[in-house]
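Subject: A structure for you to look at

Hi,

Here is the structure I promised to pass on. Have a look at it first, then read my notes underneath.

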Amino acid sequence: MTVDRSLHAQGVTLGYGDRTIVDSLDLQIPPGRITAIVGANACGKSTLLKAMARLLPPSAGEVLLDGKAIHRMPTKQVARVLGLLPQSPIAPDGIAVSDLVSRGRHPHQGALSRWTRADDEAVARALEATDVTHLADRPVDELSGGQRQRVWIAMALAQETDVLLLDEPTTFLDISHQVDVLDLLADLNRERGTTVAMVLHDLNLAARYADHLVAMAQGQIVAAGDPGEVLTEDTVRRVFGLDSRVVPDPLTGSPLVIPIGRHHTLIEPEQKDAAAAAEVEAGAQVG
Amino acid sequence: MSTVVSEPHVGDALSVVQAGRRRRRRRWALVTGILALTVVAAFAVSLMFGQTFYTPAEVWGVLTGHRVSGASFTVGELRLPRAVTALLTGLCFGMGGVVFQSMLRNALASPDVIGINTGASAAAVFGIVVLGLGETEVSVMAMAAALAVALSIYLLAYRKGGSGPRLILIGIGVAAMCQAVVSYVISRAAEWDLPAAMRWITGNLNDATWDRALPVAGAVIVLGPLLLSLAGRLEILRMGDETAAAVGLPVERSRLLLIVAAVGLLAFGTAAAGPIAFVSFLAGPIAVRLLGPVGSPILPAGLVGALLVLVADFCAQYAFGTRLPVGVITGVLGAPYLVYLLVRSSRSGGTTL
């Protein structure tokens with residue numbers, strides 16, 4: 001349906017000023033699939049996403065969009081292929097929903113060309129897809145957090161790009177709105193073949209919705225691949241420094257991470273290893 | 001009258017989108033049109049009324065180049081250059097000001113608050129008193145100084161990813177420094193330089209001439225359309241740098257173009273009539289209140305600026321028995337609003353435009 005776009009970071013080194021955050025990193029975003037990037041705070045995942053969206057020029061290496069260096073392409077041309085929803089976008093005071101969503105059409109408008117019916121139609125489709133048509137005339141700053149996030153996604157959809165990058169699209173949303181937003185992105189991926197890559201905080205939702213999971217720590221990729229293979233107790237320890245138990249999600253079969261804290265654990269930490277050993281033994285006996 | 005509610009389709013959304021866009025466009029055109037008519041009315045009033053009243057027919061006669069006894073001098077030589085200068089400087093201050101206010105999403109980020117006008121004044125006073133330069137050189141110097149101040153505030157504030165409030169605080173500091181330069185130079189000035197130098201302190205139209213109106217007219221004709229053509233970029237920039245870049249706007253280049261065009265208008269406006277206090281500061285917020293969140297506020301703000309200067313100058317001439325500088329009137333209007341904004345910002349942290 002859409003052209004498969006390749007997005008690819010090649011040995012990129014990223015940072016702000018003298019501070020290096022990501023050091024010569026390679027990352028391939030699989031076309032037509034959903035990629036989730038997870039990692040501890042300040043591990044460089046948002047920085048990496050910004051570089052993939054040509055917002056942050058790498059001090060070494062290159063980001064390639066369809067084989068071409070993205071930082072040297074005309075920015076408007078990139079914007080017709082690749083969309084980005086930043087972590088905290090700003091809605092101008094009092095702006096109406098449909099007006100904000102219309103701004104996603106900016107890359108499709110030339111210096112002289114007028115607003116066309118095709119632009120109106122793209123905005124209408126974006127409003128429908130995110131289910132915010134009934135809010136079209138409302139000011140964005142009067143909406144709830146969940147509605148506002150849908151409106152911002154609608155703006156990115158109006159851009160009609162084959163690749164969509166999102167920086168923590170579910171932050172500040174309650175659990176039902178988180179699932180709403182992720183379902184919406186999954187629909188988009190299934191129906192239009194849009195390549196989605198996003199930074200997510202929630203490991204379990206990331207494992208459920210992503211086809212491809214990238215785990216980062218200290219500016220490096222610790223593991224990348226199928227969520228079932230990537231999200232292990234070992235990965236969680238290496239990425240977050242946290243002990244956990246990973247079990248299959250009873251609903252979806254995707255890995256479910258259960259963190260182990262110092263409190264409220266039925267099994268005492270010292271008994272944990274014994275219990276695990278017993279489990280292995282039991283398993284062996286059953287086997 | 002039956003509508004299918006159960007089955008939403010893109011057709012409904014399309015009509016909603018189109019209707020919304022038309023409504024916004026109509027409102028913008030309506031508000032801007034009414035403002036333009038009001039400006040024309042104020043312009044006409046300031047040509048007709050004064051110590052002597054001239055009928056519209058007499059004024060029209062002068063405007064179309066006929067010889068009308070009495071009116072030809074009073075209207076043609078005194079009132080007309082003054083009203084034209086008021087109109088043009090008001091346009092400059094309003095349009096230039098709202099660019100800064102919307103770009104920084106803060107009404108306090110007005111060029112007359114953050115020292116851009118004061119920078120132009122300081123350079124001009126220095127040029128007149130110390131270097132003894134003529135009218136044109138002084139204007140060029142003022143323009144260069146205004147640009148330098150704007151860019152240095154910008155660099156100082158943005159170097160470490162700075163924000164609006166930081167830029168405003170730095171700007172207020174820069175304004176105070178430039179003000180000190182102005183005061184120092186004036187205190188050392190020779191008596192014959194004082195009238196020329198004083199104009200750069202308080203905005204004044206009492207000695208408006210055609211010679212002085214021409215450069216600002218040129219600026220409005222060249223930079224006005226340029227700024228209006230950048231209005232769409234300004235609207236995109238208001239969503240924050242990252243979102244603007246994400247939808248394909250060359251952020252740095254757009255911002256630089258906007259700053260240069262806006263500063264050009266401000267500097268030429270200042271050169272023609274001095275830094276008429278608070279016109280930039282008031283015009284943007286008034287225009288945005290009238291307009292609501294529809295379309296670009298640049299042209300409406302210019303019209304509000306023109307209206308402010310025309311009306312304030314008319315009051316300054318005739319309302320108080322003595323001819324006051326126009327900046328005294330706008331200053332009296334603007335200062336309470338500044339206090340109000342500062343109080344509100346210390347309470348809620350918000351002084352958005």
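Below is what I found about how the strands are arranged. Keep in mind that this is a predicted model.

Let's start with the open sheet in chain A. It has six strands, and if you walk across it you meet them in the order β6-β7-β8-β3-β9-β10. The pairing in this sheet is mixed. Which strands stand at the edges? They are β6 (82-85) and β10 (220-225) of chain A; each has a single partner strand, so one side of each has no neighbour in the sheet. On average, neighbouring strands here are turned by 15° against each other, if you ignore direction.

You can zoom in on one of those edges. β6(A) runs parallel to strand β7 (residues 163-167) of chain A, and four bridges link the pair. To find one of the bridges, look for L84(A), whose partner in β7(A) is L165(A).

Now go to the start of the chain A strands. Strand β1 (residues 7-16) and strand β2 (residues 19-29) of chain A are antiparallel and are joined by seven bridges. Together β1(A) and β2(A) make a hairpin, with two residues between them. One thing to check in that turn is G17(A), which has a positive phi of about 65°. Beside the turn, Y16(A) sits opposite R19(A) of β2(A).

β1(A) has another partner to look for: strand β4 (residues 60-65) of chain A, also antiparallel, with five bridges between the two. Here Q10(A) has E62(A) in β4(A) as its bridge partner.

Have fun exploring!

Cheers

Notes: Residues are numbered from 1 along each chain as its sequence is written. Chains are lettered from A and ligands numbered from 1 in the order in which they are written. This is a predicted model: local features need pLDDT of at least 70, side-chain atom pairs count only at pLDDT 80 or more; totals for chains, interfaces and linings use all residues. Two strands pair if DSSP finds at least two bridges between them. Axes are lines fitted to C-alpha atoms, for helices over the stretch in contact, and angles run from 0 to 180 degrees between N-to-C directions.
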